[in-house]
Amino acid sequence: MKYIAFTFFFVVLLLCSCNNNKVNDTQSTDVQTEDTLRTITTDMAYEGVNKYCHSVYDWSVAKDNPDIMFVQMGEETDSAYQVVFRSYTGAFVHFYVDKTSGTTRMVEKVPSLNVEEEVGVIDLFDYLEKK
């Protein structure tokens, strides 16, 4: 009788243990889904940087000649997108958008003067439409 009671106890313990693992798997899937939703796409990187540039820089200078100012996609790495803004002054601002966090590092480069300087960090999600 004791053998049957111990066997029953261990089977119940095993089933409870397996059930807890299923709950944890569901929770980790929810976290993965949330992370996946925050993944930055190429379009999101371009849209956010473009909105930032239009809100910060004066584009009226380029009204008659739009080719002197632009935003375009640059190189892509495994972890970041590069978006490039060209100013009418000839300076370039390279935006390095982290694909998972949206943290965007800005580096201003003036090729004619051989100058390169970090100028700040923005959160790309501040410039994307809320859906």
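# A guided tour from the β1-β2 loop to the core

Begin by selecting T77, which lies in the loop that connects β1 and β2. The model on display is predicted. T77 is partly exposed, its relative accessible area being 44%. Add D98 to the selection: T77 and D98 are separated by 21 residues in sequence, yet their C-alpha atoms are 9.6 Å apart in space.

**The whole chain**

Now display the entire protein as a cartoon. The protein has 2 helices and 5 strands, and along the sequence these follow the pattern α-α-β-β-β-β-β. Of its 131 residues, 25% count as buried. With the surface switched on, the accessible area comes to about 9500 Å², and 56% of that belongs to carbon and sulfur atoms. If contacts are drawn between residues at least 6 apart in sequence, 30% of them join residues at least 24 apart.

**The sheet**

Next, select the 5 strands. They form an open sheet in the order β1-β2-β3-β4-β5, with antiparallel pairing. Which strands are the edge strands? They are β1 (70-76) and β5, each of which pairs on one side only. Looking along the sheet, one finds neighbouring strands turned by 25 degrees against each other on average, direction ignored.

Then add α2. This helix lies across β1, β2, β3, β4 and β5, and runs at about 145 degrees to β1.

**Hairpins at β4**

Restrict the view to β3 and β4 (residues 103-110). These two strands pair in the antiparallel sense over 6 bridges. Two of the residue pairs may be labelled here: V97 has T104 in β4 as its bridge partner, and H94 has V107. The hairpin of β3 and β4 has 4 residues between the strands, and G102 takes a positive phi near 85 degrees there.

Continue to β5 (residues 115-123), which runs antiparallel to β4 and is joined to it by 8 bridges. V107, already labelled as the partner of H94, stands opposite E118 in β5. The hairpin of β4 and β5 also has 4 residues between the strands; in this hairpin, N114 takes a positive phi near 55 degrees.

**H94 and Q82**

Return to β3 (residues 92-98) and select H94, which is located in that strand. Is H94 buried or exposed? Its relative accessibility is 13%, so H94 counts as buried. Showing the surroundings of H94, with residues up to four places away in sequence left out, reveals that it touches Q82, V83, V84, R105, M106, V107 and K109.

One of these neighbours deserves a closer view. The side chains of H94 and Q82 are joined by a polar contact of 3.0 Å. Select Q82, which is placed in strand β2. Q82 likewise counts as buried, because its relative accessibility is 11%. With which other side chain does the side chain of Q82 make a polar contact? The partner is Y96, at 3.2 Å. Beyond four places in sequence, Q82 touches M73, G74, E75, H94, F95 and Y96.

**F95 and the nonpolar core**

Move on to F95. Apart from its neighbours within four places in sequence, F95 is in contact with V49, Y52, C53, Y81, Q82, V83, F85, T104, R105 and M106. As a reminder about strands in general, side chains in a regular strand alternate between the two faces of the sheet.

F95 also leads to the final stop, the largest nonpolar core, which has 20 residues. To display its best-connected members, select V49, C53, F85, F95 and V97, the residues with the most contacts inside the core. The elements that give two or more residues to this core are α2 (42-56), β2 (80-86) and β3. Which element gives the most? It is α2, with 4 residues.

Methods: Residues numbered from 1 in each chain as written. Predicted model: local features only at pLDDT ≥ 70, side-chain atom pairs only at ≥ 80, totals over all residues. Heavy atoms only, no water. Buried < 20%, exposed > 50% of the residue type's maximum accessible area, 1.4 Å probe, protein only. Polar contact = N/O pair within 3.5 Å; in protein donor to acceptor, adjacent residues only side chain to side chain. Contact = heavy atoms within 4.5 Å. Pairing = 2+ DSSP bridges. Core = buried A, V, L, I, M, F, W, Y, C linked by side-chain atoms within 4.5 Å. Areas by Shrake-Rupley, 256 points an atom, 1.4 Å probe, with all protein chains shown as cover. Axes fitted to C-alpha atoms, helices over the stretch in contact; angles between N-to-C directions.
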